[in-house]
Amino acid sequence: MEDQVLVVSTHDSAVLLTINRPRALNALNKQVIESLFQFFSTGYKEYLPFTAVILTGAGTKAFAAGADISEFDGMNAETGAVFARKGQETLFLIERFHAPVIAAVNGFALGGGCELAMVCHLRIASEQAKFGQPEVNLGLIPGYGGTQRLIQLIGKGKAIELMLTGDMLDAQSALSLGLVNAVVPADSLLDSCGELVVKIATKGPLAIQQVIACVNAYFEVGVDGYSKEVTHFASLMNTHDFVEGTQAFLGKRKPQFTRS
């Protein structure tokens, strides 16, 4: 397990992904990015069915404290573009994943780590968590989508301030700005994520999938999110889960969804 940069296990009905580079504060090197890409493109199929994915970092200090700066040595514009595109491609896979992805932010989420947390559908932070995009300290800018997603989550004014100054947000400030969904004690972080998973597991799984697709459509250039909503709303009415959900509601009982 120690030589695995991404450890896959289970937690309740979720798959638990742990970035396993605690000595490097779980910095996102090329191997971590490739491992995330492989899991979210095809690897997840080995663990079906599951309700959600929980993503966290090993140890108590960091979720992911940015990119691995040692890999920047010798980069130029051409190799930098390849580096950024691979990161963006991987993070888009997570953002568009069919099941909810919950970031359990257990410490520093800086640079690429903050960008990774932002693509998750929900973010639960420990009281020790800190967030930021400090790339300007290196003479760089975010390259994994941070310039776009931070604005979406907390607004232009505060986002550009954080990216121009490189300042960090503590967990409570991140909560007040809407960057995270909840702040919990460190020793209950995974349990709190598990409670979310249990709640989501009682809902229609096909509907959960389409909520994610429709919300993402809001930010896609050239896509009419309203039309997409109508299409997915209508398509769900041809499913067993819709029939079961409505009949259970009318019959005042709990629905038994079957993903069909």
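**Figure 1. An open sheet of four strands.** In this predicted model, four strands come together in an open sheet with the order 4-6-8-9 and mixed pairing. Who sits at the edges? Strand 4 (62–65) and strand 9 (168–170) do, and each has a single partner strand, so one side of each is left without a neighbour in the sheet. From one strand to the next, the twist averages 20°. Now look at strand 6 (residues 108–110) and strand 8 (residues 130–132): they pair in the parallel sense, over three bridges. To find your place along this pair, look for L110, which stands opposite G132 in strand 8. Helix 3 (residues 112–119) packs on the sheet, where it touches strand 4, strand 6 and strand 8. The direction of helix 3 makes about 95° with that of strand 6.

**Figure 2. A64, a residue of strand 4.** Let us zoom in on A64, which is found in strand 4. Is A64 buried or exposed? Its relative accessible area is 0%, so A64 is buried. Leaving aside neighbours within four places in sequence, A64 is in contact with I19, L25, N26, L28, F108, A109, L110 and G113. For a sense of distance, try A186: it is 122 residues from A64 in sequence, and the two C-alpha atoms are 16 Å apart in space.

**Figure 3. Strand 2 and its two partners.** Why can we call strand 2 (residues 14–19) largely enclosed by the rest of the structure? Because six of its six residues are buried. In a regular strand, side chains alternate between the two faces of the sheet. You can follow such a pattern here: A14, L16 and T18 point one way from strand 2, V15, L17 and I19 point the other way, and all are buried. Strand 1 (residues 6–11) pairs with strand 2 in the antiparallel sense, over six bridges. Within this pair, V8 has L17 of strand 2 as its bridge partner. The two strands form a hairpin with two residues between them, and D12 in the turn has a positive phi of about 55°. Strand 3 (residues 52–57) runs parallel to strand 2, and six bridges join them. Here you can spot L16 opposite I54 in strand 3.

**Figure 4. From strand 2 to strand 3 by way of helix 1.** Strand 2, helix 1 (residues 30–41) and strand 3 make a right-handed β-α-β unit. Two loops of this region deserve a closer look. In the loop between strand 2 and helix 1 you will find N26. N26 has a positive phi of about 60° although it is not a glycine. With 1% relative accessibility, N26 counts as buried. P49 has its place in the loop between helix 1 and strand 3. A cis peptide bond joins L48 and P49, with omega about -5°.

**Figure 5. T90 in helix 2.** T90 has its place in helix 2 (residues 77–95). This residue is buried, with a relative accessible area of 0%. What lies 2.9 Å from a polar atom of the side chain of T90? It is the backbone oxygen of K86. Leaving aside neighbours within four places in sequence, T90 is in contact with I33, L36 and F37.

**Figure 6. The largest nonpolar core.** In soluble globular proteins, nonpolar side chains tend to be buried together. Which residues touch the most other members of the largest nonpolar core? Of its 48 residues, they are L17, F40, V53, F63, V105, L116 and F131. Not counting residues up to four places away in sequence, V105 touches F63, A117, I124, A125, S126, A129, F131 and L189. Another core, of 11 residues, lies apart from the largest one, and its members include A14, A52, I54 and L189.

**Figure 7. K252, after helix 10.** The last view shows K252, found in the segment after helix 10 (240–250). K252 has a positive phi of about 55° although it is not a glycine. Is K252 buried or exposed? At 80% relative accessibility, K252 counts as exposed.

How values were computed:
Residues are numbered from 1 along each chain as its sequence is written. This is a predicted model: local features need pLDDT of at least 70, side-chain atom pairs count only at pLDDT 80 or more; totals for chains, interfaces and linings use all residues. Side-chain values use heavy atoms; hydrogens and water are left out. Buried means under 20% relative accessible area, exposed over 50%, partly exposed in between (1.4 Å probe, protein chains only). A polar contact is a pair of N or O atoms within 3.5 Å; within protein, one must be able to donate a hydrogen and the other to accept it, and residues adjacent in sequence count only if both atoms are side-chain atoms. Contact means heavy atoms within 4.5 Å. A nonpolar core is a set of buried Ala, Val, Leu, Ile, Met, Phe, Trp, Tyr and Cys residues joined through side-chain atoms within 4.5 Å. Two strands pair if DSSP finds at least two bridges between them. Axes are lines fitted to C-alpha atoms, for helices over the stretch in contact, and angles run from 0 to 180 degrees between N-to-C directions. A crossover is right-handed if, with the strands pointing away from the viewer, the path from the first strand over the helix to the second runs clockwise.
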